[in-house]
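Here is a short report on one protein chain. Keep the sequence and the structure side by side while reading.

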Amino acid sequence: LPISQTLQVTGQQFFLVQDSQGNILIDPATGQPVVLAQNIFSLSDDEFIRKRGQLTFGVNTARSDVVLSAYNESRDYLLSKTSEDVLGATASWNWKFGWRTHSLLGASWERRNPSGTDGHDDLWTTTLSLIRAIARDTSASVSYSHIARSSFQSSLTYDENRLTVQLVKKF
């Protein structure tokens, strides 16, 4: 039963609003920096230090693999001087139902609690994939995902349906 804790610096892009002296503006209602845009490549980088505890349990049989995982994480952002706590869980079932063919059913939930706010974000994801090995170095897959996010900031609430088709060739 593996238990792990990691410390990691990870990049995330933000475009924060600053005053004429270069100070980051703080939203008085939330106490958080005013974010003009988030996760837009090359506008601004905010690095965070991550402390994570994770518990994972897996069961393997001849045709199936089931993995359950839960984690708790704290993130301290270096530039914006904010922090957040993240709690999450994942579950997946990989079923090898035919020669060279398997399916993957997965679900995850994540709750982000930014410091200085009374609100939180919930992110729910479900995925169903069908994967086929065409040759030893080539595979094809089709995946459907549904992602739902509910946020204390209504502009960040959304539902997404995604269909992905891949052909992978290893060289």
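## Terms and overall fold

Strands here are DSSP runs of E with at least two residues, numbered from the N terminus. The model is predicted.

The protein chain has nine strands and zero helices. Along the sequence, the pattern reads β-β-β-β-β-β-β-β-β. Of the 171 residues in the protein chain, 27% are buried. The accessible surface is about 11400 Å². Carbon and sulfur atoms account for 59% of that surface. Take the contacts between residues at least 6 apart in sequence: 48% of them join residues at least 24 apart.

## The loop at R100

R100 sits in the loop between β5 (83-98) and β6 (101-114). Its phi is near 70°. That value is positive, and the residue is not a glycine. Most residues other than glycine have a negative phi.

Is R100 buried or exposed? Neither label applies: R100 counts as partly exposed, because its relative accessibility is 33% and that class lies between the 20% and 50% cut-offs.

## Strands β7, β8 and β9

Strand β7 covers residues 121-135, and strand β8 covers residues 138-151. The two run antiparallel and are joined by 14 bridges. They form a hairpin, with two residues between the strands. One bridge pair to look for is R132 with A140, the latter in β8.

Strand β8 also pairs with strand β9, residues 158-169. This pairing is antiparallel too, over 12 bridges. β8 and β9 form a hairpin with six residues between them. Here I147 has E160 in β9 as its bridge partner.

## R149 in strand β8

R149 lies in strand β8. Is this arginine buried or exposed? R149 is buried, because its relative accessible area is 16%, and buried means under 20%.

What does the R149 side chain meet? It makes a polar contact with the side chain of D121, at 2.5 Å. D121 falls within the residue range of β7, 121-135. Neighbours within four places in sequence aside, R149 is in contact with R112, D121, D122, L123, L156, T157 and Y158.

## Two arginines in brief

R100 is a loop residue and is partly exposed. R149 is a strand residue and is buried. To inspect R100, start from its positive phi. To inspect R149, start from the polar contact with D121.

Key: Residues numbered from 1 in each chain as written. Predicted model: local features only at pLDDT ≥ 70, side-chain atom pairs only at ≥ 80, totals over all residues. Heavy atoms only, no water. Pairing = 2+ DSSP bridges. Helix = DSSP H or I, 4+ residues; strand = E, 2+ residues; numbered from the N terminus. Buried < 20%, exposed > 50% of the residue type's maximum accessible area, 1.4 Å probe, protein only. Polar contact = N/O pair within 3.5 Å; in protein donor to acceptor, adjacent residues only side chain to side chain. Contact = heavy atoms within 4.5 Å. Areas by Shrake-Rupley, 256 points an atom, 1.4 Å probe, with all protein chains shown as cover.
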